[in-house]
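This report concerns the pockets and the cavity of one protein model and the surroundings of its ligand. Where does the ligand sit, and which residues come nearest?

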Amino acid sequence: MTMTTSLDLFGDDDTAQSGREAIGPQSFVLRGFALPFAEALLQGVDTVAAQSPFRRMQTPGGYTMSVALTNCGQWGWTTDAHGYRYTRIDPLSGLPWPDLPSAFLELAQAAAAGAGFPGFAPDACLVNQYEPGSRLSLHQDKNERDYGAPIVSVSLGMPALFLFGGHERSDKTVRVPLLHGDVVVWGGVDRLRYHGVMPMKDLPHPRLGSRRINFTLRKAGESAGPV
Ligand code: MD3
Ligand code: FE
């Protein structure tokens, strides 16, 4: 805790000034930041899923993920019996991943800049679809080549309890509710923190029903030049 003064009514974070909630030194929740763009974003999700459908992938350990996923942008994250990696081609369609919808890019750049990461140039976007019971166990996002870039996450539909840990799997976690329209930006010293999503309760959303969509914009490829 920092010193409390008579004006420090909101504790350590800067929520009162900026509308962003700090969950780590370089991690911020921007509550409702995506709300004005929700319809355009959901339209983008539908366009992406029409070309590269949501599918449940196999982990190298032989499990089937409870979360269904797809991708858009230059690079897409995949997992199968051989491991986790980014590819340019969707293994299901045999075609390049769909284009990144412009609404995704514009929102991500605005959110990143607002959280102290100007000039964010994502080249990958992982789109997750959760149903009641879906969960994401504690993991680090470390398949990207460039840890210097932040990640921007957008939540739509059913509420989730996000688990935010430390740099060791065994570190204590805090639970952060993520609601329809919330955006999370994290980078810098928080880029490799463990995180996950608690098993989803069935709390249907008026627009999306018993479904949660989360998409994360990342810089997965090289900073410059052909790969
Ligand atoms: C990571 N997705 O796709 S994103 C993933 O809600 C993933 O679908 C989750 O983890 C989801 O890899 C969570 C939100 C998030 C927020 C803060 C973080 C991930 C974070 C802080 C540090 C590291
Ligand atoms: Fe992750």
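The lining of the largest cavity comprises four nonpolar, one polar and three charged residues. The structure is a predicted model, and the count of cavities of 30 Å³ or more comes to one. This cavity holds about 50 Å³ of space, and its lining is made up of Phe162, Phe164, Val184, Trp186, Asp190, Arg191, Arg193 and His195. Two elements, S9 and S11, each give two or more residues to that lining.

**Open pockets**

The largest pocket has a volume of about 820 Å³, and among the 35 residues that line it, Met65, Trp77, Leu136, Ser137 and His139 are the closest to its centre. At least two lining residues come from each of strand S6 (124-130), strand S7 (136-139), strand S11 (183-186), strand S12 (195-197) and strand S13 (212-218). The second largest pocket contains about 150 Å³ of space, and it is lined by Pro159, Ala160, Leu161, Pro177, Met198, Pro199, Met200, Lys201 and Leu203. The classes of the lining residues differ in their counts from one pocket to the other: the largest pocket has 16 nonpolar, 12 polar and seven charged residues, whereas the second largest has eight nonpolar, no polar and one charged.

**Ligand 1 and its shell**

Ligand 1 sits in the largest pocket, where 19 residues surround the ligand and Asn128, Tyr130, Phe164, Trp186 and Arg212 come nearest. Of these, Phe164 and Trp186 also appear in the lining of the largest cavity. The shell around ligand 1 divides into eight nonpolar, six polar and five charged residues. Strand S9 (160-164), together with S6, S7, S11, S12 and S13, belongs to the elements that each supply at least two residues of this shell, and the largest share, four residues, comes from S13.

Three side chains place a polar atom at the distances below from an oxygen atom of ligand 1.

| Side chain | Distance to an oxygen atom of ligand 1 |
|---|---|
| Tyr130 | 2.5 Å |
| Asp141 | 3.3 Å |
| Asn214 | 3.2 Å |

Taken alone, ligand 1 exposes 520 Å², of which the protein buries 98%. Tyr130, whose side chain has an N or O atom 2.5 Å from a ligand oxygen, is also one of the residues that come nearest to ligand 1.

Taken together, the description places ligand 1 in the largest pocket, with S6, S7, S11, S12 and S13 each supplying at least two residues to the lining of that pocket and at least two to the shell around the ligand. S9 likewise supplies at least two residues of the shell, and S9 also gives two or more residues to the lining of the largest cavity.

Notes
Residues numbered from 1 in each chain as written. Chains lettered and ligands numbered in written order. Predicted model: local features only at pLDDT ≥ 70, side-chain atom pairs only at ≥ 80, totals over all residues. Heavy atoms only, no water. 1 Å grid on protein atoms, 1.4 Å probe; cavity = no way out; pocket = protein on both sides within 12 Å on 5 of 7 lines; lining within 4 Å. Points joined across faces, edges and corners; volume = space filled by probe spheres on them. Nonpolar A, V, L, I, M, F, W, Y, C, P; charged D, E, K, R; others polar. Near = heavy atom within 4 Å. Polar contact = N/O pair within 3.5 Å; in protein donor to acceptor, adjacent residues only side chain to side chain. Areas by Shrake-Rupley, 256 points an atom, 1.4 Å probe, with all protein chains shown as cover. Sits in = over half its atoms within 2 Å of the grid points.
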